[in-house]
Amino acid sequence: MAAAPAHAADFPNGPVRLVVPFPAGAASDVIARALARSAAAKLGQPMIVDNKAGADGMISATEVARAKPDGQTLLFGTNSAFSASPALRLKLPYDPVKSFAPITELGRYTFFLYVNAASPAKTLPEFIAYAKAHPGKLNYATGNTTALVSSLQFNAISNIDLVSVAYKGEPAAIVDLLDNRVQMMFGNPTLGLTHLASGKLRVLATTSEARSPLLPDVPTMKEAGVKGFTITSWAGLFAPAGTPEPALTKVREAFTAAMKDPEVLAVLEKQGFTATPSTPASLAKLVDEQLVRYRTTIRAAGIQAE
């Protein structure tokens, strides 16, 4: 055990691997690669982005949880693996708290509430009123865990009865929204804004705490009258539990600098991602809080872990 600090003093002694739970080309992959390039320059070693998509982030989280705790393997972790999967599954191959060393928050994703442009609702209160007038007649799409839990909480707060239609991803979900087979969905800007510009979709609100620079005229959920909406789509940086503190500190300093790099920030803004560098304690608190919120929302909707 005494050798760990000495090794950590030489960290990094080779390429650092950043495991990303999304396929190449996805918004999160673009974000991760921008951060990795900048952080690598600070660390003085290459940073290899390793895409391990699937199972709502559990594949990547499991791999990093089982990796050697030397700081050479890191996880781009999100609410899918740390909030949703633990709330939806009875058994996981990792513990979202005990299996990892939190390093820093990376940021918050922007999600918008989209409706088909043919919808009679021009505002969120109008959509809620329309849904209440047609209970059980409107469908909503879920293409990821953030969309699922956001929809459940929104439906519960608004006291509306919508029918859930699950998809394997946002691309398939947004096709049906465009065809009006589903009438609402929470989604990220990457796909939605193109169709917004063409007039095929309408945005009623953002789930972010503040208005998005991408659509500054779109209100937040709170501004639109939905009080108590607490679901956050986030990303953070983690290492395997037991990673030496000197290595964690170097990684944190490198990524904190990356989150202030103007070139990186320009990439993040295009993806609707707001950088939120933090302390390890702040990230640990976020993990705990969001896990409780996801579990509470999912159980309130009558969904039991399987």
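Begin by selecting helix H9, residues 245-258, in this predicted model. At 1.5 Å a residue, the 14 residues of H9 should span 20 Å, and because its end C-alpha atoms are 20 Å apart, the expected and the computed lengths agree. Now colour the buried residues of H9, which are Ala247, Leu248, Val251, Arg252, Ala254, Phe255, Thr256 and Ala258.

From H9, move to leucine 43, whose place is in helix H2, residues 27-43. Is leucine 43 buried or exposed? Its relative accessibility is 13%, and because buried means under 20%, leucine 43 counts as buried. If you leave aside its neighbours within four places in sequence, leucine 43 is in contact with Phe11, Pro12, Val16, Lys250, Val251 and Ala254. Two of these names, Val251 and Ala254, you have already met among the buried residues of H9. Before leaving, select leucine 124 as well: leucine 43 and leucine 124 are 81 residues apart in sequence and, from C-alpha to C-alpha, 46 Å apart in space.

Next, select strand S10, residues 234-240, where seven of the seven residues are buried, so the strand is largely enclosed by the rest of the structure. Add strand S3, residues 73-78, which runs antiparallel to S10 and is joined to it by four bridges; in this pairing, glycine 77 has glycine 236 of S10 as its bridge partner. Then add strand S4, residues 100-109, which pairs with S10 in the antiparallel sense over seven bridges, and look for proline 102, which stands opposite phenylalanine 238 in S10.

The following stop is an open sheet of five strands, in the order S7-S6-S8-S5-S9 and with mixed pairing. Its edge strands, each of which pairs on one side only, are S7 (163-166) and S9 (201-206), and the twist from one strand to the next averages 30 degrees. Zoom in on strand S5, residues 112-116, which pairs with S9 in the antiparallel sense over five bridges; there, phenylalanine 112 has threonine 206 in S9 as its bridge partner.

Finish with two helices, H6 (residues 145-158) and H11 (residues 280-300), which pack at an angle of about 65 degrees with their axes 9 Å apart, in a left-handed crossing. Which residues meet where H6 and H11 pack? On the H6 side, select Thr146, Val149, Leu152 and Gln153, and on the H11 side Tyr294, Thr297 and Ile298. The residues of this contact divide into four nonpolar, three polar and no charged.

Note on methods: Residues numbered from 1 in each chain as written. Predicted model: local features only at pLDDT ≥ 70, side-chain atom pairs only at ≥ 80, totals over all residues. Heavy atoms only, no water. Pairing = 2+ DSSP bridges. Axes fitted to C-alpha atoms, helices over the stretch in contact; angles between N-to-C directions. Buried < 20%, exposed > 50% of the residue type's maximum accessible area, 1.4 Å probe, protein only. Contact = heavy atoms within 4.5 Å. Left-handed = near helix turned anticlockwise from the far one by under 90°. Nonpolar A, V, L, I, M, F, W, Y, C, P; charged D, E, K, R; others polar. Expected span 1.5 Å × (residues − 1).
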